Amino acid sequence: MSFEYGADGPRSVVVGVDGSETAYRALHYAVGQARRQGGRVLAVYADQIPSLAFATAVPLAASAVVDESTDTLVAELRTTVDGLAREYGVQAVFEVVTGDPVNALVHIAERERADAILVGASVQAGHKLFGSVAMRVVKIGRWPVTVVP
């Protein structure tokens with residue numbers, strides 16, 4: 001097999017998006033990488049159901065699930081992903097998943113046979129105690145993980 005310039009990196013990347021500045025940078029990085037590699041981007045927004053919902057009642061848990069028609073963050077993320085895909089001529093898919101962000105990224109990476117996972121660096125103080133999404137994905141050890149500051 002011969003070396004192909006510009007075609008030896010990941011062609012399918014999963015990127016976590018959550019509306020944070022670092023996640024937007026990770027999305028832009030993923031789109032640029034997909035453009036250079038002729039690949040595709042799978043942008044994933046994971047909406048966590050608060051643990052309180054499970055402790056109280058099923059109706060509360062059901063109400064915590066994202067309603068894409070009224071959630072402005074989801075609409076903004078979808079518009080951004082679609083706009084970047086058109087602007088840079090790459091294939092991009094935006095998916096909303098309910099649950100833990102790590103499980104969502106891993107599930108979609110497995111399902112789509114992704115080559116890599118990209119995430120923005122965490123800026124939340126609690127992650128120093130419990131581990132950031134990036135560190136938890138790295139510990140799984142199945143894909144190269146890029147953390148974008």
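Over which residues does pLDDT stay under 50 while the model has three contacts beyond four places in sequence? In this predicted model, that description applies to residues 125–130. A further stretch, residues 51–64, also stays under 50 in pLDDT, and for these residues the model has eight contacts beyond four places in sequence. For the protein as a whole, the mean pLDDT is 81, with 74% of residues reaching 70 or more.

The strands considered here form an open sheet of five, arranged in the order 3-2-1-4-5 with parallel pairing. Strand 3 (91–98) and strand 5 (145–148) occupy the edges; each has a single partner strand, so one side of each is left without a neighbour in the sheet. From one strand to the next, the twist averages 20°.

Pairing within the sheet can be followed from strand 1. Five bridges connect strand 1 (residues 12–16) with strand 2 (residues 40–47) in the parallel sense, and Val14 is placed opposite Leu42 of strand 2. Strand 1 also runs parallel to strand 4, to which three bridges join it. Here Val14 has Ile117 of strand 4 as its bridge partner. Val14 thus stands opposite Leu42 in strand 2 and is bridged to Ile117 in strand 4. Strand 4 in turn pairs with strand 5 through four bridges, again in the parallel sense, and Gly120 lies opposite Val148 of strand 5.

Burial was examined for strand 4. Five of the five residues of this strand are buried, so strand 4 is largely enclosed by the rest of the structure. In a regular strand, side chains alternate between the two faces of the sheet. In strand 4, one side carries Ala116, Leu118 and Gly120 and the other carries Ile117 and Val119; all of these residues are buried, and both faces of the strand are covered. Among them, Ile117 is the bridge partner of Val14, and Gly120 is the residue opposite Val148.

Two helices were examined in relation to these strands. Helix 1 (residues 21–37) packs on the sheet and touches strand 1, strand 2, strand 4 (116–120) and strand 5; the direction of helix 1 makes about 145° with that of strand 4. Helix 7 (residues 133–140) lies across strand 4 and strand 5, and runs at about 165° to strand 5. Strand 4 and strand 5 are therefore touched by helix 1, which packs on the sheet, and crossed by helix 7, while strand 5 stands at an edge with a single partner strand.

Notes: Residues numbered from 1 in each chain as written. Predicted model: local features only at pLDDT ≥ 70, side-chain atom pairs only at ≥ 80, totals over all residues. Heavy atoms only, no water. Pairing = 2+ DSSP bridges. Helix = DSSP H or I, 4+ residues; strand = E, 2+ residues; numbered from the N terminus. Axes fitted to C-alpha atoms, helices over the stretch in contact; angles between N-to-C directions. Contact = heavy atoms within 4.5 Å. pLDDT = per-residue confidence, 0-100. Buried < 20%, exposed > 50% of the residue type's maximum accessible area, 1.4 Å probe, protein only.
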